[in-house]
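These exercises work through helix packing, a pocket and some backbone geometry. Please attempt each task before reading the solution that follows.

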Amino acid sequence: MASAGGGRFLLGDWGGTHLRAWVLTTDGAASGPKTFDLGVNKLRPGEAAARFASEVRPAMEAENLPALLCGAIGSNVGWATAPYVDCPANFAGIARALTRIEGAEPPVWLVPGVRSPGVTTAPDVLRGEETQAFGWLGQNPDARRGQRLVCHPGTHPKWLRLEDGRITRFVSAFTGEVFDLMTHVSLLKTDEPFTDDRAAFTAGVGAAGDGGGLLTRLYAARGRVAGAGADPATTPSFVSGVLIGAEVASAPAFIGAEPAETIEVIGDARLGGLYADVLARYGWATRRHDGEAAALAGLTALAHALEARGEGR
């Protein structure tokens, strides 16, 4: 059964910092992406629906198309809540749990998040990375067999254990958000233009050590400026190195990484490259993959699942 858009969809990966959108055409191709500065963290309650209708749909020439969105937009701080799917989670389970926003016309569907036991008594949760993970698996059929370990760099980095095509467990970190807070709100903030300083980043990774005592180690960012005369403009790079270094030093153990494993890094070129370099420093083999392509592949597959059951309209 054809959708209201004749098989076409407006697809979006809508996270905490921005929205990236595509239009899926009837022949399976996708136009875009276009990026919108509409991160969920920047929106007031109830604002998502209006901004999507007034800004995103016209810019994508998609006023009458059904939409499918993944990411934080489906969380309790987003447009509406799409309930979590518990681990172990597979693609079919995610597709069955797609949530239609009540009253939205043209229809808007949200991809559910995934919930896992956490490293403490509280559960761990994610949204958006499941779509990338299943998109990546669709691009790499051989990866659907056996175990894989995936690292998703980002505002809230995720480390996923995949087994025979299912997400069986994951752990999260606040790395990107803490970086933003430290460099814009804390004593370490600077009015100097940001300098992507690789030497300062590498020094920060060294300061992270084994990842323990992070708050004490992080204070080196203050000491190197106030006590050793380092250029304040290099502080963000140093802080980034400490935070990513501490995450990489500790997260693989939390997820049960095995020494001979290759870690699949799915993300954008710059941040994915930083993680791959730090992982190599800590002795891990890596393969890098395009996060945007993985997200689009996952959204496309989910849109086709809606179409196949006659609900994408």
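**Exercise 1.** Is the crossing of helix 4 and helix 8 right-handed or left-handed?

*Solution.* This is a predicted model, in which local features need pLDDT of at least 70 and side-chain atom pairs count only at pLDDT 80 or more, while totals for chains, interfaces and linings use all residues. Residues are numbered from 1 along each chain as its sequence is written, and side-chain values use heavy atoms, with hydrogens and water left out.

Helices (DSSP runs of H or I, at least four residues) and strands (runs of E, at least two) are numbered from the N terminus. Helix 4 (residues 175–184) and helix 8 (residues 235–254) have axes that come within 10 Å and cross at roughly 155°; axes are lines fitted to C-alpha atoms, for helices over the stretch in contact, with angles from 0 to 180 degrees between N-to-C directions. Helix 4 and helix 8 are therefore roughly antiparallel, given that angles under 35 degrees count as roughly parallel, over 145 as roughly antiparallel, 65 to 115 as roughly perpendicular and the rest as oblique. The crossing of helix 4 and helix 8 is right-handed, a term for the near helix being turned clockwise from the far one by less than a right angle, whereas anticlockwise would be left-handed.

**Exercise 2.** Which residues of helix 5 and helix 8 meet?

*Solution.* The axes of helix 5 and helix 8 lie 6 Å apart at an angle of about 40°. That angle makes helix 5 oblique to helix 8, and the crossing is right-handed. In contact (heavy atoms within 4.5 Å), A200, F201, A203, G204, V205, A207 and A208 of helix 5 meet S237, F238, S240, G241, V242, I244, G245 and A246 of helix 8. By class, this contact of helix 5 with helix 8 has 10 nonpolar, 5 polar and no charged residues; Ala, Val, Leu, Ile, Met, Phe, Trp, Tyr, Cys and Pro count as nonpolar, Asp, Glu, Lys and Arg as charged, and the others, Gly among them, as polar.

**Exercise 3.** Which helix gives the most to the lining of the second largest pocket?

*Solution.* About 160 Å³ of space lies in the second largest pocket. On a 1 Å grid over the protein atoms alone, a pocket is an open set of points with protein on both sides within 12 Å along at least five of seven lines, and lining residues have an atom within 4 Å of a point; the volume is the space filled by probe spheres (1.4 Å probe) set on the points, which are joined across faces, edges and corners. The lining comprises F91, F134, G135, L137, G138, R144, G165, A297, G298 and A301. Helix 3 (129–139) and helix 10 (291–308) each supply at least two of the lining residues, and helix 3 gives the most, with 4 residues. The lining divides into 5 nonpolar, 4 polar and 1 charged.

**Exercise 4.** Where is the residue E61, which has a positive phi, found?

*Solution.* Most residues other than glycine have a negative phi, and most peptide bonds are trans. E61 has a positive phi of about 50° although it is not a glycine, and E61 is found in the loop between helix 1 (47–59) and strand 4 (67–70). A cis peptide bond joins C87 and P88, with omega about 0°, and P88 is placed in the loop between strand 5 (85–86) and helix 2 (91–96).
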